[in-house]
Amino acid sequence: MKIAASADVDETAELGEGTAVWHLAQVREGARLGRGCILGRGAYVGPGVRIGDNVKLQNYALVYEPAVLEDEVFVGPAAVLTNDVFPRSTDVDGALKRDGDWQADGVVVRRGASVGARAVVVAGRTIGRYALVAAGAVVTRDVPDFALVAGVPARRIGWVGRAGVTLVEKGPGRWACPRTGEEYTEAEGVLTGPLGIAESG
Ligand SMILES: CC(C)(COP(=O)(O)OP(=O)(O)OC[C@H]1O[C@@H](n2cnc3c(N)ncnc32)[C@H](O)[C@@H]1OP(=O)(O)O)[C@@H](O)C(=O)NCCC(=O)NCCS
């Protein structure tokens, strides 16, 4: 474990073996990170957030509670995983809203998925396994496994494999990764991964 002197890691946060927290990053109370994670400069992990193994949060990535990030997730620089669809600072009487006055709705990022630089994911949405969110996208709907989504609002523009490379169509419903040769099948908008494992389960 390596924590930079200027990082702010709450004493109730749990970090797994080999996890590194760089300068000015903040990990709030009760957050749990697995093994081998890297938090870049200025990254933020909200209270109680759950993060798996080998996850990378790039510089100034902001992960608001109660987000859940599974193993091998990548969150690009300055990306924001939000937690409130209709945010307000105060109630109608002007009183500051506090924890308990509103319901936080966390983003879920499933195994191996990546969120590009400066992308925003709206509260409560799920990014499917090995999906790739393009730089600058705004995700307003759940993203299927292996989907490559881009734009505002984010729309699917292709499929990516586990290696993060755009898949090439080999025939009706048949896709392959040009880097690994792994094959995928598509049926009714759902892509199923190699080795007969349905990644969409
Ligand atoms: C989305 C992405 C994977 C596409 O890569 P690619 O297939 O090499 O893309 P291309 O440059 O061939 O572009 C394909 C099309 O998608 C569009 N496009 C590419 N990136 C886009 C983005 N971020 N948002 C919207 N559209 C995008 C291109 O304009 C092009 O459109 P066109 O066919 O109408 O001209 C890539 O551009 C991207 O955003 N990667 C994430 C980078 C990132 O944030 N890294 C974080 C670590 S620093």
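Student: What makes E188 stand out in the hairpin of β25 and β26?

Tutor: In this predicted model, E188 takes a positive phi near 50 degrees. Most residues other than glycine have a negative phi. The hairpin itself has two residues between its strands.

Student: How do you know that β25 and β26 pair?

Tutor: Two strands count as paired when there are at least two bridges between them. β25 and strand β26 (residues 190-192) have three bridges, in the antiparallel sense, so they pass that test. One spot to look at is E186, which stands opposite L191 in β26.

Student: And what joins β24 to β25?

Tutor: Three bridges again: strand β24 (residues 174-176) and strand β25 (residues 183-187) pair in the antiparallel sense. R174 stands opposite T185 in β25. That hairpin has six residues between the strands, and G181 takes a positive phi near 80 degrees there.

Student: Which other residues have a positive phi without being glycine?

Tutor: N54 is one, with phi near 55 degrees, in the loop between β9 (50-51) and β10 (56-57). E72 is another, with phi near 65 degrees, and its loop runs between β12 and β13.

Student: Why is E72 called buried?

Tutor: The cut-off is 20 or more other C-beta atoms within 10 Å. E72 has 20 of them, so it counts as buried.

Student: Then what is N54 called, and why?

Tutor: N54 has 18 other C-beta atoms within 10 Å. Buried starts at 20 and exposed means 12 or fewer, so N54 falls in between and is called partly exposed. R50, in strand β9, also has 18 such atoms and is partly exposed.

Student: What does R50 touch?

Tutor: Not counting residues up to four places away in sequence, R50 touches R32 and V68. Its C-alpha atom and that of R88 are separated by 25 Å, with their positions 38 residues apart along the chain.

Student: What makes the peptide bond between E65 and P66 unusual?

Tutor: That bond is cis, with omega about -5 degrees, while most peptide bonds are trans. P66 is found in the loop between β11 (62-63) and β12 (68-69). The bond from V152 to P153 is cis too, with omega near -5 degrees, and P153 lies in the loop between β21 and β22 (155-159).

Student: Why are β2 and β20 called edge strands?

Tutor: Start with the sheet: seven strands form an open, parallel sheet in the order β2-β5-β8-β11-β14-β17-β20. β2 (8-9) and β20 (138-139) each have a single partner strand, so one side of each is left without a neighbour in the sheet.

Student: How do you know that β8 and β11 are partners?

Tutor: Pairing needs at least two bridges. Two bridges join β8 to β11, which run parallel, so the requirement is met. In β11, V63 is the bridge partner of V45.

Student: What makes V63 worth a look in the core?

Tutor: The largest nonpolar core has 55 residues, and V63, A131 and V133 touch the most other members. Among the elements giving two or more residues to this core are β8 (44-45), β19 (132-133) and β21 (147-150). The largest share, three residues, comes from β21.

Student: Which residues does V133 contact?

Tutor: Leaving aside neighbours within four places in sequence, the contacts of V133 include V115, I127, V139 and V149.

Student: How many residues around the ligand are charged?

Tutor: None: the shell divides into seven nonpolar, five polar and no charged residues. Among those surrounding the ligand are P77, L132, I157 and T166.

Student: How do you know that the overall size fits a compact globule?

Tutor: With 201 residues, such a globule would have a radius of gyration near 17 Å, and the protein has 18 Å, so the two agree. Along its principal axes the C-alpha trace spans about 60 × 45 × 25 Å.

Student: What is this chain built from?

Tutor: The protein has zero helices and 26 strands. Buried residues make up 38% of its 201 residues.

Key:
Residues numbered from 1 in each chain as written. Predicted model: local features only at pLDDT ≥ 70, side-chain atom pairs only at ≥ 80, totals over all residues. Core = buried A, V, L, I, M, F, W, Y, C linked by C-beta atoms within 7 Å. Helix = DSSP H or I, 4+ residues; strand = E, 2+ residues; numbered from the N terminus. Contact = placed C-beta atoms within 7 Å. Near = placed C-beta within 6 Å. Nonpolar A, V, L, I, M, F, W, Y, C, P; charged D, E, K, R; others polar. Rg over C-alpha atoms; globule rule 2.2 N^0.38 Å.
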